[in-house]
Amino acid sequence: MLQIFKNTKYDFLGYSKLAIGLSLAFIGASIIMLILNGGFNMSVDFAGGTTMQIKFDQPVRDQLPAIRAGIGDQGFGQPEIKTIGLADNNEIQITVRTQPEGVDVEGAIRSVLGSALAGNNFTVLRVESVGPKIGGELTRDAVIASIFALLAILLYVSIRFKPSFAVASVIPLFHDVLITLGIFAIFRLELTLPFVAAVLTIIGYSLNDTIVVFDRLRENSKNGLRGRTFREVANGSINQTLSRTIITTVTSLFSLVALYVLGSDAIKDFALALTIGVVVGTYSTPFIAVPILEWWHKKWPIVK
Amino acid sequence: MKNAGLRFGIVIAVLALTVWLLVPSIQFYALSEAEQENIRRDTPHKLKRILNLGLDLQGGMRLVLEIDGSKLDDDARKDAIDRAYAIIENRINQLGVAEPILQKQGRDRIIVELPGIKDEKVAKEVIGKTAQLEFNLVRDDADRERALAIIEATVSGGKSPDDEAKSAEAAEAKDQANQELADKLFGGSDTTAADSGSAPAGGDDALNDPFSAAGTFRSLIEMMGGMTVVKNESRARVNEILRRDDVRRALDRAGLGGNSFLWGYEDLPASNSSSTYKYLYYVKSAPEMKGDVIKNAMATIDQSGGMNAGRAKVDFELNAAGARSFTRVTSHNLHKQLSIVLDSTVYSAPRIQSRISGGRAEITGSFTMEEAKALSIILRAGALPAPVNIIEERTVGPSLGQDAIEKGILAMLIGTALIIVFMIIYYQISGIIVLFALFLNMLIVLATMAAFGATLTLPGIAGLILLISMGTDANVLIFERIREELAQGRTVRSAIEQGYQNALSAILDANLTSIVVGFILMWKGTGPIRGFAVILVIGITASLFTALFVSKLLMTSTFQKRAKISI
């Protein structure tokens, strides 16, 4: 029988101050980076605008300034242009952030490219064009759905466990999402529509992980603490579920890392968000969720 | 375990059901791209039981259109969306895109999804242009038969005027015979009798020309109730022939240049085959009137007490100019059909019963109320007063979509292989049981989606990944518990029993919380959030079944009589 951990007795809660400190420091650092970077790199999904991914027959690196100037003259602001892929320098992504109602931004960009780069034919691989109104609605819908989901979690966990467990399971969710957002802010990765789904998945994963440990804690303290401290019982519960936690995390990471390494551009960022989320979601159970419970227990004992 | 036989029966039944539900999808995706395209175009109903790939995965175009109702009064605004919807639906059908999806959203938005579209620029132009509602006279049956005969002769290689005259004569003779026959049968649709005359018309030429496709054109056109109809799957070929330069020239020479063939809107079921038909009308190209003369149109029930009493009809009202031209048109063309044409599609071709003056008229016939309503919307559509703006566009080129799918599948395969290797090394025979449970879990989710013709998108894949994680977790929780129980010295049988019992509360609470979240997101979420939530809810239900029922059954029946357990 192969076993990763056997009768471990790690003092997870002993590291909780350090862990919470690290998390806060990281969130602080990402906020600073967010300000320095001038906000999130919001895709046109949320901000409104037009993004086009274009593949040329020949490399276009030298013509980028001409393209930039040509589109800039069209009257919808300076475009953001970046090259995609490593090898050929013939694939670019153009993003324009303003989207006046009723104006065919895509058509205008096409004609600029046609004239600025005569002789270098191109194919449009992808177009995303979102009016400012829709962008705002998407953000609002996502926020409203999340608030209702969090309320439902609070209610369910309060009934099945205790209100203290409910609060302690919801706070780490904010932590996990903030850390994931922080990494996206630091590296200026684009926040797109699928990112919303990734965040929901992270929440689902982290919650599952927390509930499993809480369930063990509930079981171990069913007949009271019986002379043990709350910390001993909590640490014991985390250790007892440690093999399960590691196995589940590792198997989840198998598919995610494969998706990140092999996936197409659209999937890469998405897989990255999920990978970060799974790691952080696993970390937050012993280092954020259980410490909150312990702190709560000191003020208003949950079990005797 | 009690009722082990029954339990195995349930598992096998579920497995068989999922496989059965997935067979159409597997068959479809095993086809070549061209064959898939044919099925999408000709028999889209076959796709209702297939797991579709979202536009973000397979490529395609999604548009959100908004009707700018700011200049409309409340009354006009109310059904502006229905009118715009009718126009856009018609145009999309003309684009010939496989499986277009149209959806109304709220009171002023229409979502259009065109999977696998090749030229999104043309599509945007077609969808965005102004509506054209026209009234065109339908040509006599004799004219139509003459035109068809000329086309047939041209297509099959006979180009001499003699041949044309011959075939025209033949067509006329046949038309007469056809008319008589139709009268005898009360307008019954004896297609074989109607078509048999056409074979000799081009038959001689066909013998002389080894490359000709004898009867290719006439064989595509059938008769139904005295009207010409064409199978939906043959429409592309008919269009191609009608567009040919030599065909056009031949028709011009015969003095039939000012007319066009137009398709009807309706899909007509055929009693003897699974395919559907569309009417092929032969109309005068220059319209008698344009749609802007329509002031109002409404579906009502006939209260006249005449022979149509109680039936649905469409009343419409014309403006002053329209009333004048309508009087002229109806008096000159009594008993002819006047077709109602929106963007080159004939929606109805009522026969002019009498001279109509005064600017009020009605269209009667054997409509249902629904059909009458649809027609009244078309009549009003010609005068759509509000502009329609494209407020969101997402287009993923087919190459990009294809690339994403191939890379995604490779990544999934590698991820799955790693999980398989890990499970077998770590849990040995029990590992195989977990893998079977996970496999069944995925099958149930995919089969349920296929059964509803649901669409798999990138957010959906996120849902699937979370499901594999949670499904693995449920089984790992159980196995770790079984190991704990074994370590405490229990027998295999009681360790398995206790393992499942003790892991139950953790599995239930973790999964039920997620299901609750899933329902909330289905209720409140939109777009990608809802797609994710649907998969989550189906999947967790399946996951509870596979972990608590299937894997338990397999574990118990494999190990309960043994002294040692491979875990």
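What follows is a walk through a predicted model of two chains, A and B, starting with chain B and ending with helix packing.

Chain B is a good place to get oriented. Its secondary structure comes to 17 helices and 18 strands. Of the 567 residues in chain B, 43% are buried. Much of the contact pattern is long-range in sequence: among contacts in chain B with a separation of 6 or more, 73% are between residues 24 or more positions apart.

One strand of chain B, β14(B), is worth a closer look. β14(B) spans residues 338–342, and five of its five residues are buried, so to speak a strand that is mostly covered. The cover is on both faces: B:Leu338, B:Ile340 and B:Leu342 are buried on one side, and B:Ser339 and B:Val341 are buried on the other. As for its neighbours, β14(B) runs antiparallel to β5(B), residues 133–137, with five bridges joining the two. Within that pairing, B:Glu134 has B:Val341 as its bridge partner. β14(B) also pairs with β15(B), residues 345–348, again in the antiparallel sense and over three bridges. Here B:Leu342 sits opposite B:Thr345. These two strands, β14(B) and β15(B), make a hairpin with two residues between them, and in the turn B:Asp343 has a positive phi of about 45°.

Elsewhere in chain B there is an open sheet of three strands, β12-β13-β16, with antiparallel pairing. β12 (294–301) and β16 (360–367) of chain B each have a single partner strand and stand at the edges, so one side of each has no neighbour in the sheet. On average, neighbouring strands in this sheet are turned by 20° against each other, direction ignored. Seven bridges hold the antiparallel pair of β12(B) and β13(B), the latter covering residues 312–318. One of the facing pairs puts B:Met298 opposite B:Asp315.

Next comes a sheet that takes strands from both chains. Eight strands line up in the order β3(A)-β4(A)-β2(A)-β5(A)-β17(B)-β2(B)-β4(B)-β3(B), forming an open sheet with antiparallel pairing. At the edges are β3 (80–83) of chain A and β3 (101–105) of chain B, each pairing on one side only. From one strand to the next, the twist averages 20°. The place where the chains join in this sheet is the pairing of β5(A) with β17(B), residues 388–396: the two run antiparallel and share five bridges. In that pairing, A:Val127 stands opposite B:Thr395. On the chain B side of the sheet, β2(B) (residues 60–67) and β4(B) (residues 109–115) are antiparallel and joined by seven bridges, with B:Leu65 partnered by B:Ile110. On the chain A side, helix α4(A), residues 105–116, lies across β2 (49–56), β4 (91–96) and β5 of chain A, and runs at about 35° to β2(A).

The chains also meet beyond that sheet. Their contact takes 58 residues from chain A and 57 residues from chain B. On the chain A side, the elements giving two or more residues are β5 (122–130), α5 (132–160), α7 (193–220), α9 (242–262) and α10 (265–299). The top contributor there is α7(A), with 14 residues. By class, the chain A side that touches chain B has 36 nonpolar, 14 polar and eight charged residues.

That same helix, α7(A), packs against α16(B), residues 492–524; their axes come within 8 Å and cross at roughly 150°. This makes α7(A) and α16(B) roughly antiparallel, and their crossing is right-handed. From α7(A), the contact involves A:Leu200, A:Gly204, A:Leu207, A:Asn208, A:Ile211, A:Val212 and A:Asp215, while α16(B) brings residues including B:Ser505, B:Ala506, B:Asp509, B:Thr513 and B:Leu521. Sorted by class, this contact has eight nonpolar, five polar and two charged residues.

A second helix pair lies within chain A. The axes of α1(A) (residues 16–36) and α6(A) (residues 163–186) come within 9 Å and cross at roughly 40°. The two helices are therefore oblique to each other, and the crossing is left-handed. On the α1(A) side are A:Ser23, A:Phe26, A:Ile27, A:Ser30, A:Met33 and A:Leu34, which meet A:His175, A:Leu178, A:Ile179, A:Gly182, A:Ala185 and A:Ile186 of α6(A). The residues of this contact divide into eight nonpolar, four polar and no charged.

Key
Residues are numbered from 1 along each chain as its sequence is written. Chains are lettered from A and ligands numbered from 1 in the order in which they are written. This is a predicted model: local features need pLDDT of at least 70, side-chain atom pairs count only at pLDDT 80 or more; totals for chains, interfaces and linings use all residues. Axes are lines fitted to C-alpha atoms, for helices over the stretch in contact, and angles run from 0 to 180 degrees between N-to-C directions. Helices (H or I, at least four residues) and strands (E, at least two) are DSSP runs, numbered from the N terminus. Angles under 35 degrees count as roughly parallel, over 145 as roughly antiparallel, 65 to 115 as roughly perpendicular and the rest as oblique. A crossing is left-handed if the near helix is turned anticlockwise from the far one by less than a right angle, and right-handed if clockwise. Two residues are in contact if their C-beta atoms, placed from the backbone, lie within 7 Å. Ala, Val, Leu, Ile, Met, Phe, Trp, Tyr, Cys and Pro count as nonpolar, Asp, Glu, Lys and Arg as charged, and the others, Gly among them, as polar. A residue is buried if 20 or more other C-beta atoms lie within 10 Å of its own, exposed if 12 or fewer, and partly exposed in between; C-beta atoms are placed from the backbone. Two strands pair if DSSP finds at least two bridges between them.
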